Amino acid sequence: MDELDRDLLALLRQNARMPAASLAKVLRVSRATVQNRIDRMRDRGDILGFTLRSPAEGTQGQVRAIMSIAVEGRKGEAVSQALCRFPEVEAVHTTNGRWDLIAALVTRDLSGFSAVLDAVRLIDGVTATETSLLLATRRP
């Protein structure tokens, strides 16, 4: 999976119904390139389908985590933008205190989770991370 695939997945996560022509315009590639990438990711299993999910559904069998991230100097915005290109990143929050950013992560399995952690730690400006797996969720 390359940067274009990651950017495409990030856009689809925001709006899975966005037309291929609109995706192509945002990504500055042809519509055929977008469609070919989507087809290839579906064939590889990177995209399992396009469906409607309510917030309480669809979380079983996933690895969910919160990653606290320390950022070097004034690189917070660049690091935040880089994080948002990962399809596994659901949200990025700025915060105060010891950590500069908090990223909510979701992957299909521990292998994918490990790969995302490794990739995030390679982002220019990331100086330290601490990750906590979410074991159970209770909603009011």
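How are H1 and H3 oriented to each other, roughly parallel or roughly perpendicular? They are roughly perpendicular, because their angle of about 90 degrees falls within the range of 65 to 115 degrees. The legends below start with this pair. The model shown is predicted.

**View 1. Helix H1 packs against helix H3.** The axes of H1 and H3 lie 11 Å apart. H3 covers residues 31-44, and H1 covers residues 3-14. On the H1 side, the contact is made by Leu 4, Asp 5, Leu 8, Leu 9 and Leu 12. On the H3 side, Thr 33, Val 34, Arg 37, Ile 38, Met 41 and Arg 44 take part. By class, this contact has seven nonpolar, one polar and three charged residues.

**View 2. Asp 5 of helix H1 is joined to Arg 37.** A polar contact of 2.9 Å links the side chains of Asp 5 and Arg 37. Asp 5 counts as buried because its relative accessibility is 3%, and the cut-off for buried is under 20%. Setting aside residues up to four places away in sequence, Asp 5 touches Arg 37, Met 41 and Arg 44.

**View 3. Arg 6 of helix H1 meets residues far along the sequence, including Glu 88.** Arg 6 and Glu 88 are 82 residues apart in sequence. In space, their C-alpha atoms are 9.2 Å apart. Beyond its neighbours within four places in sequence, Arg 6 is in contact with Met 1, Arg 85, Phe 86, Pro 87 and Glu 88. Arg 6 counts as partly exposed, because its relative accessibility is 23%.

**View 4. Helix H2 packs against helix H3.** H2 spans residues 20-27. The angle between H2 and H3 is about 105 degrees, and their axes are 8 Å apart. H2 and H3 are therefore roughly perpendicular to each other. Ala 20, Ala 21, Leu 23, Ala 24 and Leu 27 of H2 meet Arg 31, Val 34, Gln 35 and Ile 38 of H3. The residues of this contact divide into seven nonpolar, one polar and one charged.

**View 5. Arg 28 sits in the loop between H2 and H3.** Its phi is near 60 degrees, a positive value in a residue other than glycine. Most residues other than glycine have a negative phi. Arg 28 is exposed, because its relative accessible area is 78%.

**View 6. The largest nonpolar core has 19 residues.** Met 67, Ile 69, Val 79, Leu 83, Leu 105, Val 120 and Ile 123 touch the most other members. Two or more residues each come from strand S1 (63-71), helix H4 (76-84), strand S3 (101-107) and helix H5 (110-121). S1 gives the most to this core, with five residues. Another core, of 13 residues, lies apart from it. Ala 24, Ile 38, Met 41 and Ile 47 are among the members of that other core.

**View 7. Val 120 meets residues from several places in the sequence.** Not counting residues up to four places away in sequence, Val 120 touches Met 67, Ile 69, Leu 83, Phe 86 and Val 126.

**View 8. Ser 68 lies in strand S1.** Ser 68 counts as buried because its relative accessibility is 11%. Leaving aside neighbours within four places in sequence, Ser 68 is in contact with Trp 99, Leu 101, Ile 102, Ala 128, Thr 129 and Glu 130.

Note on methods
Residues numbered from 1 in each chain as written. Predicted model: local features only at pLDDT ≥ 70, side-chain atom pairs only at ≥ 80, totals over all residues. Heavy atoms only, no water. Core = buried A, V, L, I, M, F, W, Y, C linked by side-chain atoms within 4.5 Å. Buried < 20%, exposed > 50% of the residue type's maximum accessible area, 1.4 Å probe, protein only. Helix = DSSP H or I, 4+ residues; strand = E, 2+ residues; numbered from the N terminus. Contact = heavy atoms within 4.5 Å. Axes fitted to C-alpha atoms, helices over the stretch in contact; angles between N-to-C directions. Nonpolar A, V, L, I, M, F, W, Y, C, P; charged D, E, K, R; others polar. Polar contact = N/O pair within 3.5 Å; in protein donor to acceptor, adjacent residues only side chain to side chain. Parallel < 35°, antiparallel > 145°, perpendicular 65-115°, else oblique.
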